[in-house]
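Good morning, colleagues. Please bring up the sequence and the model on your screens, and I shall take you through the chain one part at a time.

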Amino acid sequence: MIKKLRVTVDGKPYEVTVEVPDEADAPAAAAPVASAPVSRPAAVPAPASSPAATSPGGPNDVVCPLGGRVVAVDATVGQDVKEGDKIITTETMKMNTFVCAHKAGKVAEILVAVGDTVEEGRVLARIG
C-alpha cells in the first residue's frame with residue numbers, strides 16, 4: 001500500500017510517498033532476542049602531552065596553527081627570514097597549511113622534522 005505523508009524536518013514541511021507493506025505480505029516478525037546488559041567501557045585517560053606540545057609560545061616561537069603532519073621544512077637554522085616567509089608546511093585532511101614567520105629575524109631552531117605529527121599550539125621553530 002502506498003501512503004502520502006507530511007513530515008517536518010528542521011521546521012520545514014515535506015510531503016513524501018512511502019510504501020507500507022500489507023500485513024499479509026509482511027514476513028512474520030522475529031521473536032525478540034534477549035540481550036545481555038551493556039556496560040560502558042571505563043574512561044581512558046588522555047595521554048599526557050609534553051609542555052612543548054601545548055605551550056602557547058613565546059615572542060620568538062613559531063606556533064602550529066592547526067594540528068596535522070609536517071610535510072616540509074622550508075627554512076634552515078641560521079637562515080634570515082622576513083615576516084611572512086614560509087618556515088614549515090603541515091598537512092591536515094589532505095590540505096596544506098603554510099606556517100610562516102611572524103616577524104623578521106634569523107631561524108634559531110627547528111623543532112620538528114618531516115613526518116612528525118603536530119598538535120595545534122605546538123612550537124615548531126624559533127626565530128632569534
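Which residues form a nonpolar patch on the surface? The patch consists of Leu5, Val7, Val9 and Tyr14, which together have about 320 Å² of accessible area. Strand 1 is the main contributor to this patch, giving three residues. Before going further, I should state that this is a predicted model.

Let me set out the overall architecture. The chain comprises 128 residues, of which 19% count as buried. One helix and ten strands make up its secondary structure, and along the sequence these follow the pattern β-β-α-β-β-β-β-β-β-β-β. The exposed area of the chain is about 9,500 Å², with carbon and sulfur atoms supplying 58% of that area. If we take the contacts in the chain with a separation of 6 or more, 49% of them are between residues 24 or more positions apart.

I now return to the N-terminal part, beginning with strand 1, which spans residues 2-9. How many of the eight residues of strand 1 are buried? The number is zero, and strand 1 therefore lies largely in the open. Its partner is strand 2, residues 12-19, and the two pair in the antiparallel sense over eight bridges. Together strand 1 and strand 2 form a hairpin with two residues between them. In the turn of that hairpin, aspartate 10 has a positive phi of about 50°.

Leucine 5 deserves a moment of attention here. This residue lies in strand 1 and stands opposite valine 16 in strand 2. Leucine 5 has a relative accessible area of 39%, so the residue is classed as partly exposed, the category between 20% and 50%. Leucine 5 is also one of the residues of the nonpolar patch with which I began.

After the hairpin, the chain enters the loop between strand 2 and helix 1 (51-54), and valine 20 is placed in that loop. Is valine 20 buried or partly exposed? Its relative accessibility is 31%, and valine 20 therefore counts as partly exposed. Leaving aside neighbours within four places in sequence, valine 20 is in contact with Met1 and Lys3. For the pair valine 20 and lysine 3, the separation is 17 residues in sequence and 7.1 Å in space, C-alpha to C-alpha.

Let us turn to the sheets. One open sheet is formed by four strands in the order 7-6-4-9, with antiparallel pairing. Strand 7 (95-100) and strand 9 (117-118) stand at its edges; each has a single partner strand, and so one side of each is left without a neighbour in the sheet. Within this sheet, strand 6, residues 86-92, runs antiparallel to strand 7 and is joined to it by six bridges. Isoleucine 88 stands opposite valine 99 in strand 7.

A second group of four strands forms an open sheet in the order 3-10-8-5, and the pairing is again antiparallel. Here the edge strands are strand 3 and strand 5 (80-81), each of which pairs on one side only.

Is strand 10 largely enclosed or largely in the open? Of the five residues of strand 10, residues 123-127, four are buried, so this strand is largely enclosed by the rest of the structure. Strand 10 has strand 3, residues 61-63, as an antiparallel partner over three bridges. In that pairing, aspartate 61 stands opposite arginine 126. Strand 8, residues 105-110, also pairs with strand 10 in the antiparallel sense, over three bridges. There, isoleucine 110 has alanine 125 of strand 10 as its bridge partner.

Finally, a word on the cysteines. How many disulfides does the structure hold? It holds zero disulfides. Cysteine 64 has a relative accessibility of 2% and so counts as buried, the limit being under 20%. Cysteine 100, by contrast, counts as partly exposed because its relative accessibility is 33%.

To close, I would ask you to keep two strands in view as we open the discussion. Strand 1 has zero buried residues among its eight and lies largely in the open, whereas strand 10 has four of its five residues buried and is largely enclosed by the rest of the structure. Thank you for your attention.

Key: Residues are numbered from 1 along each chain as its sequence is written. This is a predicted model: local features need pLDDT of at least 70, side-chain atom pairs count only at pLDDT 80 or more; totals for chains, interfaces and linings use all residues. Side-chain values use heavy atoms; hydrogens and water are left out. A disulfide is a pair of cysteine sulfur atoms within 2.5 Å. Buried means under 20% relative accessible area, exposed over 50%, partly exposed in between (1.4 Å probe, protein chains only). Two strands pair if DSSP finds at least two bridges between them. Contact means heavy atoms within 4.5 Å. Accessible areas come from the Shrake-Rupley method with a 1.4 Å probe; for residues, only the protein chains shown count as cover. Patches are made of residues with over 30% relative accessible area and no salt bridge: like charges are joined within 9 Å, nonpolar side chains (Val, Leu, Ile, Met, Phe, Trp, Tyr) within 5 Å. A salt bridge is a side-chain nitrogen of Lys or Arg within 4 Å of a carboxyl oxygen of Asp or Glu.
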